[in-house]
Structure formats: C-alpha cells, structure tokens
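The following exercises concern helix packing, sheet topology and backbone geometry in a single model. Each task is followed by a worked solution.

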Amino acid sequence: MKRTFKLIKRILVHARPYWPHIVWLFILSLLVIPVTLLKPYALKLLIDSGFGSQPVPSAIRAFFSPNFEFNFTAIALISVGLVILIALVDNIIIFISWLLSIFTGEKLVLNFRTLLFNHLQRLSLSYHDKKGSSDSLYRIQWDTMSIRNLLLTQLSALATSTITLLAMIVVMFFISWQFAVITLCIIPPLIIVTKLSTKRLIKDWYKVKDAESVAMSVIHEVLNALRVVKAFGQENNENERYASRSDHAVKGQVQLAKVAASYTFIVNMLLAIGSAGFIYAGAIFVHSGKMTIGELTLVIAYITQIFAPLQSIIKNLNDIQSSVASIDRVFLVLDEKKEVPENPHAVHLTRVQGQFKFENVFFSYSDNALTLQDISFEVKPGDRVGIMGSTGAGKSTLINLLNRFYDPSAGIIKIDGTDIKNYKLADYRDQFSMVLQEPVLFSSTFAENISYGRPQATENEITEAAKAANAHEFIMKTSEGYNTQVGERGMQLSGGERQRISIARAFIKNAPVLILDEPTSSLDMGTEALIMEAMERLMEGRTTFMITHRLDTLSSCNLVLHLENGRLVDVVRDYTSGFLTDKKKAFLNKA
C-alpha cells in the first residue's frame with residue numbers, strides 16, 4: 001500500500017496542468033451525493049403523506065402558498081415532479097461530467113504517452129536491445145491509459161463513494177441510530193477483506209502485464225519478418241507460438257478473476273448479513289410502533305444505496321491495483337537513466353572540420369568482456385577511412401562510439417581537438433549523416449523521407465539532392481512524383497531505390513561527417529555502379545568512415561583501420577593516391 005500511495009502522489013504531480021479539470025470533475029461528482037440522497041424522498045412523501053396521514057414536510061410546504069390544499073392528487077403530482085426534477089438534475093450533471101472527463105482523460109493519456117515516447121527515444125540502444133520494441137509499444141499504448149482510469153474513474157469514484165457512505169450513515173443516525181450502528185458493524189470486516197484482496201491482486205497484475213507484453217512481442221516480430229515466415233511456411237508454428245504466449249496471459253487473467261470473485265463473494269455475503277439485520281430490526285420497530293411504514297421504506301431505500309457505495313469502494317480499491325501495476329511499469333521506464341548523459345556544461349556546436357582522435361579507448365556492453373580494447377588512431381579532415389575486420393571484430397561498436405550512441409568505458413574521443421562529451425549531444429550528432437546497409441525509410445512520401453534530416457528543405461533542394469543520388473529519374477516515374485507514398489519501411493521499392501533515397505537524405509543534410517555501413521553489399525552490379533557514383537559525389541569534401549568487407553570498396557580510402565577481436569591490429573595511411581598502392585595491397589592480402 002505504501003508503494004501505491006507513492007505512485008499516486010507521483011502521478012498527481014505529473015497531472016498538475018489538469019488539476020482544475022480534475023477538481024471540477026470531483027465537484028460534479030460531489031453534487032451527485034445530495035441528488036442521490038433525495039431520490040428516496042419522493043417515495044416517502046407519497047407513502048406517508050399521500051397514502052398515510054403524516055403532514056407534508058415543511059421543506060415542501062415552503063414552495064407553495066399557505067392556502068394550498070395538499071390532497072392526494074397534489075401530493076402524487078408533487079412526488080412525480082420530484083422524481084422528474086431529481087432525474088433532470090442528475091442527468092445534467094452526468095452529461096457535463098462525461099464531456100469534461102473525455103477531454104481531460106484523452107489529454108492526460110496523450111501527455112503521458114508523449115512523455116514516455118520521448119524518454120524511450122533517448123534511452124540507450126542497449127536498453128532497447130535487451131527489452132525489445134514490443135515491450136515499449138505495450139507500455140506506450142496500453143499501460144499509459146491507466147492514468148485516465150486511475151485519476152478520473154477509480155480515485156474519483158473511491159472518494160465520492162466514501163463521502164456518500166459517510167453522508168448516508170449520518171442521515172441514518174438521524175432516522176435511527178440502531179440502523180446506523182448495524183451499518184458501522186459491517187464496515188470493519190469489509191476493510192480487512194479489501195486489504196487482503198488488494199495485496200494479492202497487485203502481485204498478480206504485474207505478472208499479467210508482463211505476459212501480455214510477451215505475447216505482443218510475437219505479433220510484432222512476425223509482422224516485421226512476414227516475408228521470412230511465408231518463405232519458410234511457418235505461419236502455423238508462429239500462430240501456435242502466439243497462442244502459447246497468450247495462454248500465460250489468459251491463465252493470469254483467470255487467476256485474477258478467481259481471486260476477485262472470491263473476495264466479491266465474501267463482500268456480498270457480509271452485505272447480505274447486514275441486510276438481514278436491517279430487515280429484522282425494521283420489522284420489530286414497525287410492529288412496535290416505533291417507526292412508520294414510510295420511514296421503514298426510506299430506511300430500506302437508504303440501506304440499498306449504502307450498499308452501492310460500499311461495493312463501489314471495494315471494486316475501485318481492487319481496480320486501482322491494475323492501474324497501479326501499469327503506471328508503475330511506465331515509471332520504471334521513465335526512471336531508466338540515459339547511458340549517454342549530457343554534460344551540464346556542454347556547449348553548442350555549429351559545424352566541425354572533421355578531425356577525430358581516439359585516445360586509448362576501451363568499451364564494454366557488459367561487465368563480462370571488453371568489446372573494444374585500447375583503440376588509438378587519428379583522422380584528419382576530409383579523410384576517407386575504411387574500417388575492415390571479421391564479423392564481431394568491433395566495427396559497428398566503433399561507429400556507435402563515434403556517433404556517441406554509447407560513451408567509452410575508458411579513454412577519450414576528440415573532435416577537432418575537443419572531447420566530444422563537451423558538446424551538446426544534439427549538436428554533435430547533427431554533424432553526421434549515415435547510409436546503412438539496410439536503408440531505413442518511413443511510411444511517408446519521397447520528399448519527406450529525403451528531407452528527414454532537414455525538414456525545412458525546399459522543393460528545389462529536395463530535387464537537387466535526389467538528382468545527386470541518382471534517384472530523381474525513378475521517383476518521377478511514380479504516380480505522384482515526390483509526393484508518392486513509399487509504403488511501410490519503403491518495402492514497395494527495390495533495395496537499390498531505397499539506398500538511393502537514403503543517399504539523397506545524406507546529401508540534403510549536408511553534414512561534414514559521413515558514415516557508410518556496407519552500403520553496396522546486397523546490390524547487383526548495375527545498381528552498385530549508380531550507388532558508387534552517387535557516393536563518390538557524397539564523400540567529396542567530407543570526413544568519411546566506411547565499414548566494408550569488400551577490398552575493392554577500400555580503393556577509395558586513404559586510411560584503413562583493421563580491427564580483430566576488439567583490437568586495432570593495423571593502420572594503413574596513404575595520402576598520395578586514392579587507389580590501392582603496393583603497401584595497401586600487401587596489407588589487404590595479409591588481412
């Protein structure tokens with residue numbers, strides 16, 4: 001319970017901009033209380049003053065002239081009018097509450113989702129490698145919705161039900177203190193039962209949320225690799241895998257239902273015992289003349305309405321556990337520290353010359369083994385750096401450190417003579433353009449994909465970048481030219497077309513440093529020639545880092561780094577020629 005209160009306090013702080021809306025919703029819910037208390041009054045008036053001989057209460061007489069005759073017909077009409085008036089007020093409050101609740105709830109969820117999405121983008125790649133994107137998707141889409149349920153439904157209903165219950169008990173004391181005592185005797189056992197149920201449910205809800213997230217991961221994996229699934233005919237196996245993972249979540253939900261049903265059964269039996277006590281005491285009082293039938297009817301009506309807030313309190317306390325589990329999962333992500341923190345004294349960076357220096361750099365993804373060990377080399381502005389080595393040698397890790405996706409475990413990386421940690425992270429990364437082996441396109445137009453790194457680019461600049469990347473011709477053959485949608489991940493395009501769009505994106509960003517990661521490894525000879533021609537133009541005047549396994553690609557590099565087992569085993573530099581010299585050939589043959 002202590003952790004639950006801490007989470008509720010934290011979420012209330014997060015929801016500070018919407019406190020006025022929440023307060024108004026709470027006020028509206030409080031207005032329902034007197035309306036609820038008045039509902040049985042019309043029936044009492046009809047029974048005691050219409051059918052019986054009791055005088056019309058002064059609260060009713062005050063609305064009529066002193067000479068008004070309160071006969072049966074008048075009292076019946078007044079009773080009917082009260083029912084309609086109370087219903088009208090009740091429904092107006094409900095209508096306003098509903099509209100305000102929808103607006104506030106959607107805004108709360110949107111802000112919570114935006115906060116989580118923004119933080120997830122800034123977490124390290126290693127976090128996403130460990131957790132997977134499907135887990136993040138589940139938390140963004142489903143867990144965040146609990147803020148609305150908690151603040152606008154569960155806590156509000158809990159507070160309203162509690163106040164309603166207290167008000168009704170006070171009213172009961174005025175009518176009959178004996179009935180009020182019976183009501184108070186029911187509450188302690190209910191508190192004990194509720195405490196036991198919430199403690200059990202909170203544990204089970206965490207398990208269910210995790211199981212549902214795991215099941216969702218299967219869907220995400222299969223839809224992202226549908227071509228592979230179809231090619232190997234694994235649809236049925238994947239369906240079984242999903243069903244198996246989902247079955248854990250289903251079993252968890254069933255277990256939760258069993259627990260909730262058990263406690264609900266106990267609560268209902270306690271309330272039934274209380275009802276039996278009320279009926280017995282009421283029968284004795286009416287028989288002995290201590291209470292009129294109208295008063296008994298009013299008491300029974302209040303008893304029924306007392307049980308409603310009691311059941312609401314129990315239900316909402318249990319439902320809160322589900323919301324708390326979801327919100328806690330969101331805060332667990334928000335509490336994840338960024339593995340690449342920004343120096344509080346970091347300065348802005350405009351445009352670098354492109355000189356890099358690695359000084360005794362070590363890096364490890366975990367505490368078990370070093371991925372890079374004692375890496376030292378220097379790159380001059382405009383150098384074309386080829387990075388080669390066997391699979392797992394540390395080539396991609398070197399590039400990740402260069403981009404500052406990670407920070408070195410030890411050692412320093414400098415740009416233009418300054419530690420890269422001294423610059424604003426966004427400014428530093430803005431110095432890089434990347435062309436990857438598997439180009440990443442977004443489900444938008446050609447123009448939007450090309451201008452991704454510089455959204456403010458003009459149409460003319462987009463066209464010029466596409467021409468420089470040898471992409472303009474095939475773009476203009478599409479139905480809407482640059483406004484043509486490329487489809488999800490650009491899968492409607494060929495590999496070469498996607499790669500040329502990626503190169504055009506690098507052209508338009510016009511960053512001083514370029515990273516090429518096996519950009520031609522999966523292309524045919526004709527397409528490769530177009531790509532290489534475009535990349536030659538792209539590399540002109542830029543410091544370029546190129547990961548490759550192909551020796552002919554290294555012919556354009558004037559600095560070659562050879563990595564093996566996380567170590568820099570050799571460095572070859574040739575400033576006199578862009579082609580393979582005898583020294584380079586010997587090195588490459590050895591490699």
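Two strands are taken to pair if DSSP finds at least two bridges between them. The model is a predicted one.

**Exercise 1. Determine the order and pairing sense of the sheet that contains β1 and β4, and identify the bridge partner of K357 in β4.**

Step 1. The sheet is open and consists of 4 strands in the order β2-β1-β4-β5, with antiparallel pairing.

Step 2. The edge positions belong to β2 (372-379) and β5 (418-419); each has a single partner strand, so one side of each lacks a neighbour in the sheet.

Step 3. Strand β1 (residues 356-363) pairs with strand β4 (residues 410-415) in the antiparallel sense, over 5 bridges. Within this pairing, K414 in β4 is the bridge partner of K357.

Step 4. Helix α13 (residues 395-402) lies across β1, β2 and β4, and it runs at about 120° to β1.

**Exercise 2. Describe the surroundings of strand β9 (residues 559-564), and state whether its residues are mostly buried or exposed.**

Step 1. Buried means under 20% relative accessible area. In β9, 5 of the 6 residues are buried, so the strand is largely enclosed by the rest of the structure.

Step 2. Strand β3 (residues 384-388) pairs with β9 in the parallel sense over 4 bridges, and G386 stands opposite V560 in β9.

Step 3. Strand β10 (residues 567-573) pairs with β9 in the antiparallel sense over 6 bridges. Here E564 is placed opposite R567 in β10.

Step 4. The hairpin of β9 and β10 has 2 residues between the strands, and N565 takes a positive phi near 55° in this hairpin.

**Exercise 3. Classify the crossing of α5 and α8, and list the residues that meet.**

Step 1. The axes of helix α5 (residues 72-122) and helix α8 (residues 146-175) come within 8 Å and cross at roughly 140°. This angle makes α5 oblique to α8.

Step 2. The crossing of α5 and α8 is right-handed.

Step 3. From α5, the residues S101, T104, G105, E106, L108, V109 and F112 meet I147, R148, L151 and L152 of α8. Sorted by class, this contact comprises 6 nonpolar, 3 polar and 2 charged residues.

**Exercise 4. Carry out the analysis for α7 and α9.**

Step 1. Helix α7 (residues 133-141) and helix α9 (residues 177-224) have axes that come within 8 Å and cross at roughly 120°. The two helices, α7 and α9, are therefore oblique to each other.

Step 2. The handedness of the α7 and α9 crossing is right-handed.

Step 3. On the α7 side the contact involves S133, S134, D135, L137 and Y138, which meet K209, E212, S213, M216, S217 and H220 in α9. The class count for this contact is 3 nonpolar, 5 polar and 3 charged residues.

**Exercise 5. Locate D374 and D416, and give the phi and accessibility of each.**

Step 1. D374 is found in strand β2. Its phi is near 50°, a positive value in a residue other than glycine. With 38% relative accessibility, D374 counts as partly exposed.

Step 2. D416 is situated in the loop between β4 and β5. The phi of D416 is near 50°, again positive in a residue other than glycine. D416 is partly exposed, at a relative accessible area of 27%.

**Exercise 6. Which residues of helix α16 (residues 459-468) are buried, and what follows the helix?**

Step 1. I462, T463, A465, A466 and A468 are buried in α16.

Step 2. After α16 comes N470, which has a positive phi near 60°.

Note on methods:
Residues numbered from 1 in each chain as written. Predicted model: local features only at pLDDT ≥ 70, side-chain atom pairs only at ≥ 80, totals over all residues. Heavy atoms only, no water. Axes fitted to C-alpha atoms, helices over the stretch in contact; angles between N-to-C directions. Parallel < 35°, antiparallel > 145°, perpendicular 65-115°, else oblique. Left-handed = near helix turned anticlockwise from the far one by under 90°. Contact = heavy atoms within 4.5 Å. Nonpolar A, V, L, I, M, F, W, Y, C, P; charged D, E, K, R; others polar. Buried < 20%, exposed > 50% of the residue type's maximum accessible area, 1.4 Å probe, protein only.
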